[in-house]
Amino acid sequence: MAVASLQYLRLPEYYNYFLTAWVKGNFISDYKPNARKAEVLEDLPLAEQPESMDRSAMHFCLADAFHPGCELTWPMRHSSMYRAPYRIKERPAGVAEPDYGTKLDQDKVLSMHGPLYDQGPGDLSRWMALPWQGDTAYCRSGYDMEYDPYVPTFWPAHVPNQVLTLDDYNIVCDTSKTMAERLAAFHNRPSWLRQLPAQESIANQMLYMVAHFGEMGVLEAKPRPADMPELPELLYVENLKPTKASELAAPRLAAAAPKKLTDEQRMLQQAGWESVEQRDEFLEIKFRGRV
């Protein structure tokens, strides 16, 4: 199997079948836009309530096919962790988790009755970054240097990629400016992570995110201008402290001009790697025995 076929998310055949049927019009049109929606659990028939509780717990999760996952991560893709659909296999009361020694390597992780089997308190979340803010700075593409830094498996809008700044929003709303200027401001989306120290290692960028997470932009819903109905009703605008906004508006964050990067170095940096060696080591581990 080629490496590329393992990298990018695609719909399973099951969903392709239903989408193809829908495109061909081969479905029962039972959509009722005026139907009364259930507002509390008791509004549903008793037989539908358990499924609704499952759906409510999963609906706002960020993961796509459980990869990479913001609430939980890659172990959730292993069927050995489940006793039934959406039901984690619990470790029996009074049974201690096996001692895996001082180093947890791949063989131990994937071993029979290892950490991907019975689960106890804290076992699901122990795979996550501590603190989680560092993971936000790290979870960029890391797969293909020439691909967009945010591959389809990246977290969606809960962790922004590009943002509409407050300065640009004010231009969008300024009726004294030309429509071309206002639309250009609307489409001018800087990176939400632009304050990360670009010339630092990935590890130091993660530490920066941990130390300065309170300075990262929070998105605030603001109304669109009344004379621009083609825009979404609500525009999500980056809200920064005035001092930080001024700093990021400056041509450079640092006093010293950053060194010129080669094309390869630039693509590596966009993908989140410190070096070619680090990327190649990851790929060798990830795809060992699959190519």
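User: How is phenylalanine 18 classed by relative accessibility in this predicted model?

Analyst: Buried means under 20% relative accessible area, and exposed means over 50%. Partly exposed lies in between. Phenylalanine 18 has 44% relative accessibility, so it counts as partly exposed.

User: How exposed or buried are tyrosine 14, tyrosine 15 and tyrosine 17?

Analyst: Tyrosine 14 is at 56%, so it counts as exposed. Tyrosine 17 also stands at 56% and counts as exposed. Tyrosine 15 has a relative accessible area of 46%, which makes it partly exposed.

User: Which residues make the nonpolar surface patch?

Analyst: Leu11, Tyr14, Tyr15, Tyr17, Phe18 and Leu19 make it. The patch covers about 690 Å². As for secondary structure, tyrosine 17 is found in helix α1, residues 13–23.

User: How do I read a pair of aromatic rings?

Analyst: Two values describe such a pair: the distance of the centres and the angle of the planes. Planes over 60 degrees apart count as edge-to-face. The whole structure has 4 aromatic pairs. One of them joins tyrosine 14 and tyrosine 15, with centres 5.4 Å apart and planes at 85 degrees, so this pair is edge-to-face. Tyrosine 14 also pairs with phenylalanine 18. There the centres are 5.0 Å apart and the planes meet at 70 degrees, again edge-to-face.

User: Where do tyrosine 14 and phenylalanine 18 sit relative to each other along the helix?

Analyst: They are 4 residues apart in helix α1, so about one helical turn separates them.

User: Which residues do the ring pairs link into a cluster?

Analyst: Tyr14, Tyr15, Tyr17 and Phe18. These four names also appear in the nonpolar patch.

User: What lies over the face of phenylalanine 186?

Analyst: Here a charge over a ring is the feature to read. Arginine 189 lies over that face, at 4.6 Å from the ring centre.

User: How many salt bridges does the structure hold?

Analyst: A salt bridge needs a side-chain nitrogen of Lys or Arg within 4 Å of a carboxyl oxygen of Asp or Glu. The structure holds 12. Take glutamate 51 and arginine 55: their side chains meet at 2.9 Å, N to O. Both residues lie in helix α2, residues 49–58. They are 4 residues apart, about one turn of the helix. Glutamate 51 has a relative accessible area of 43%, so it is partly exposed.

User: Which salt bridge does glutamate 97 form?

Analyst: Its partner is arginine 91, at 3.9 Å from N to O. Glutamate 97 is partly exposed, because its relative accessible area is 29%. Arginine 91 counts as buried, because its relative accessibility is 16%.

User: What does arginine 126 bind to in a salt bridge?

Analyst: Arginine 126 bridges to aspartate 123, with the closest N and O atoms 3.5 Å apart. Arginine 126 has a relative accessible area of 33%, so it is partly exposed. Aspartate 123 is buried, with just 5%. Shared partners join Arg91, Glu97, Asp123 and Arg126 into one salt-bridge network.

User: Where is aspartate 123 found?

Analyst: In the loop between α3 (106–109) and α4 (132–138). A polar contact of 2.8 Å also joins the side chains of aspartate 123 and arginine 91.

User: What is the phi of tyrosine 86?

Analyst: Most residues other than glycine have a negative phi. Tyrosine 86 has a positive one, near 65 degrees. It lies in the loop between β1 (82–84) and β2 (87–88). Its relative accessible area is 54%, so tyrosine 86 is exposed.

User: What about the phi of histidine 113?

Analyst: Phi of histidine 113 is positive as well, near 60 degrees. The residue sits in the loop between α3 and α4. Histidine 113 is exposed, because its relative accessible area is 58%.

User: Where is lysine 241, and what separates its C-alpha atom from that of methionine 216?

Analyst: Lysine 241 is in the loop between β5 (234–239) and α8 (242–249). Its relative accessibility of 53% means that lysine 241 counts as exposed. Lysine 241 and methionine 216 are 25 residues apart along the chain, and their C-alpha atoms are separated by 9.0 Å.

Methods:
Residues are numbered from 1 along each chain as its sequence is written. This is a predicted model: local features need pLDDT of at least 70, side-chain atom pairs count only at pLDDT 80 or more; totals for chains, interfaces and linings use all residues. Side-chain values use heavy atoms; hydrogens and water are left out. Patches are made of residues with over 30% relative accessible area and no salt bridge: like charges are joined within 9 Å, nonpolar side chains (Val, Leu, Ile, Met, Phe, Trp, Tyr) within 5 Å. Accessible areas come from the Shrake-Rupley method with a 1.4 Å probe; for residues, only the protein chains shown count as cover. Helices (H or I, at least four residues) and strands (E, at least two) are DSSP runs, numbered from the N terminus. Buried means under 20% relative accessible area, exposed over 50%, partly exposed in between (1.4 Å probe, protein chains only). Rings of Phe, Tyr and Trp (its six-membered ring) pair if their centres lie within 6.5 Å; planes under 30 degrees apart count as stacked, over 60 as edge-to-face and the rest as tilted. A charge sits over a ring if NZ of Lys or CZ of Arg is within 6 Å of the ring centre and within 35 degrees of the ring normal. A polar contact is a pair of N or O atoms within 3.5 Å; within protein, one must be able to donate a hydrogen and the other to accept it, and residues adjacent in sequence count only if both atoms are side-chain atoms.
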